[in-house]
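The following paragraphs lead the reader through a model, beginning with the order of its elements and moving on to the contact between its chains. Please keep the sequence and the structure in view while reading.

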Amino acid sequence: MKRDPKDLVRYSAAERFNHWVVAMIFILLALSGLAFFHPLFFPLTQLFGGGTWARILHPFFGVVMAVSFVAMLFRFWWLNLMTPSDWAWLRRVREMLNGDDHNMPEAGKYNGGQKLLFWLLVGCMALLFVSGIVIWRVYFSATFPVVVVRLAAVVHAASAAVMIALVIVHAYAAIWTKGTIRAMLYGTVSRAWAKQHHPRWFKEVTGEGK
Amino acid sequence: MALQSLDIQRRSATTTPSPSQRETVEVAKLIDVSKCIGCKACQVACMEWNDTRDAIGVNTGVYDNPTDLTENSWTVMRYAEVETDRGLEWLIRKDGCMHCADPGCLKACPAPGAIVQYSNGIVDFQEENCIGCGYCIAGCPFNVPRLSKKDSKVYKCTLCSDRVAVGLEPACVKTCPTGAIVFGSKEDMIQHAEERIVDLQARGYVNAGLYDPAGVGGTHVMYVLQHADKPGLYSGLPNDPSISPLVSLWKGVSKPLASLAIGLVAIGSFFHYVTKGPNEVSKDIEKEFEKEFEE
């Protein structure tokens with residue numbers, strides 16, 4: 001797609017940098033974490049220099065994730081507050097997925113689906129961080145009763161599985177909606193894209209149609 | 001067979017069967033608490049045979065020394081002074097790995113072959129495959145495995161699998177001066193325990209019995225207890241140990257199911273694209289902006 005001076009700026013360079021740090025560390029976490037999740041995935045440890053290295057690195061990746069995710073949370077939380085129109089959007093999501101977006105309530109910078117995904121990811125990350133500390137055997141596990149460690153292991157595995165599924169949906173939605181990925185790569189979207197997918201945001205930033 | 005003199009029946013984090021053609025006799029170590037004099041010769045023998053040395057500890061005013069299992073002390077005597085209906089009793093238990101038939105450590109371990117169960121029932125850690133995650137510690141119903149600070153590997157009693165493999169009894173059994181520890185086929189050990197229990201009951205220990213808890217499928221280290229109705233008297237021996245439901249949930253069917261669910265989300269997304277096509281900007285809006293561009 002040719003870049004147009006009239007394109008709308010959706011993300012600053014700092015926002016994109018933050019997003020991609022989170023995305024890359026997520027992939028490292030998911031691959032190293034899955035390795036301990038099911039024997040089927042254990043060979044993934046080879047990507048990290050073997051089982052012991054994967055075990056050593058995974059929690060440190062988690063620390064980088066926690067820091068960069070919190071930064072992203074502070075950047076975006078206020079844009080993701082749910083409104084009645086977002087809930088109405090979510091009630092019609094089936095139509096949207098069937099390819100008919102004519103009756104969808106007008107979305108602002110984010111639609112109901114994106115906002116819900118945002119908060120679900122925040123919830124998963126909170127659970128992963130807290131439970132991850134508890135099961136970090138080298139430093140912390142000895143200070144917790146074994147029942148707490150067992151519970152944390154379950155919570156960690158469950159929230160990680162949910163988060164991986166959510167991120168697959170997130171990445172797919174970006175691929176499915178043409179013209180979206182460039183927002184995260186160069187920061188801009190075409191005006192047509194904005195009017196189609198985020199009409200209320202389009203009006204806000206262009207001042208058109210008020 | 002090929003690499004070891006004991007056949008492996010089960011390997012951690014392995015979904016296919018291990019070689020299991022040969023028939024092996026199930027073994028067990030029987031610890032008769034009523035015969036134990038608390039001399040700690042078994043502790044010393046264990047360290048001698050396995051070449052481990054614990055750091056010099058601190059006397060805490062009790063006979064327990066060291067006060068807990070460590071990566072170097074794979075067996076530890078625990079001394080409990082308890083009031084029973086027979087008055088004050090000194091109950092001494094030799095603590096260490098119970099070698100469960102259904103081991104929680106092996107269930108929890110994510111590293112292939114880091115924990116194995118031989119066909120004779122011995123549960124053995126193979127530290128060269130251990131990644132040091134400590135999941136086995138969370139999985140164990142008896143609080144036995146200990147993580148080494150030196151190498152971040154986990155250690156516990158091997159039931160002297162190296163000695164057993166060449167037809168010897170474990171070092172602790174060999175050294176016990178009162179015959180409180182005996183070793184042999186599990187069948188023989190149960191029979192021997194029954195004889196001891198009859199004797200103890202005749203001496204007034206009406207609740208004497210064998211500790212071979214069914215919740216973990218039985219163990220390959222068993223106790224003869226004077227008070228088998230209250231194992232907790234023996235420094236907190238679990239009454240009815242089993243793999244925690246949390247560990248079963250964590251390491252049970254939820255793993256393949258969650259893996260399948262993640263796979264379905266990915267495949268489902270792809271087929272959504274194939275069946276519904278991409279979500280593109282409508283032609284009307286595109287034209288509207290193109291017109292503007294031309295102007």
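From the N terminus on, chain A runs through its elements in the order β-α-α-α-α-α-α-α-β-α-α, which amounts to 9 helices and 2 strands. Helices (H or I, at least four residues) and strands (E, at least two) are DSSP runs, numbered from the N terminus. The model is predicted: local features need pLDDT of at least 70 and side-chain atom pairs count only at pLDDT 80 or more, while totals for chains, interfaces and linings use all residues. Residues are numbered from 1 along each chain as its sequence is written, chains are lettered from A and ligands numbered from 1 in the order in which they are written, and side-chain values use heavy atoms, with hydrogens and water left out.

Taken along the principal axes, the box filled by the C-alpha atoms of chain A is roughly 60 × 35 × 30 Å. For residues 10-187 of chain A, an unreviewed UniProt entry lists "domain: Cytochrome b561 bacterial/Ni-hydrogenase"; UniProt positions are given in the numbering used here, feature names are shortened, and annotations may be inferred rather than shown by experiment. Over residues 10-187, chain A is 69% helix and 0% strand, and the C-alpha atoms at the two ends are 5 Å apart.

Chain A meets chain B in a contact (heavy atoms within 4.5 Å) that takes 41 residues from chain A and 49 residues from chain B. The two chains bury about 3,900 Å² between them, 66% of it on carbon and sulfur atoms; buried area is the accessible area (1.4 Å probe) that two parts lose on being put together, summed over both. Of the area that chain A buries against chain B, 17% is supplied by A:Arg137, A:Arg150 and A:Tyr172, more than by any other three residues.

Across this interface there are 16 residue pairs in polar contact, both residues being at pLDDT 80 or more. A polar contact is a pair of N or O atoms within 3.5 Å; within protein, one must be able to donate a hydrogen and the other to accept it, and residues adjacent in sequence count only if both atoms are side-chain atoms. On the side of chain A that touches chain B, at least two residues each come from α1 (13-37), α2 (51-76), α4 (93-97), α6 (146-176) and α8 (191-197) of chain A. The most is given by α6(A), with 16 residues. By class, this side of chain A has 25 nonpolar, 7 polar and 9 charged residues, where Ala, Val, Leu, Ile, Met, Phe, Trp, Tyr, Cys and Pro count as nonpolar, Asp, Glu, Lys and Arg as charged, and the others, Gly among them, as polar.

The interface also holds 1 salt bridge, defined as a side-chain nitrogen of Lys or Arg within 4 Å of a carboxyl oxygen of Asp or Glu. A:Lys195 forms a salt bridge with B:Glu288, and their closest N and O atoms are 2.6 Å apart. The pair joins two chains, because A:Lys195 lies in helix α8 of chain A and B:Glu288 in helix α9 (residues 283-294) of chain B.

Chain B itself is divided into domain 1 (8-249) and domain 2 (252-294), with bounds from an automatic or database domain assignment. The C-alpha centres of these domains of chain B lie 55 Å apart.

Under "binding site", an unreviewed UniProt entry lists B:Cys36, B:Cys39, B:Cys42 and B:Cys176. These residues span 141 residues in sequence, yet no two of their C-alpha atoms are more than 10.6 Å apart, so they gather at one spot. B:Cys39 is placed in the loop between β2 (27-32) and α1 (41-50) of chain B.
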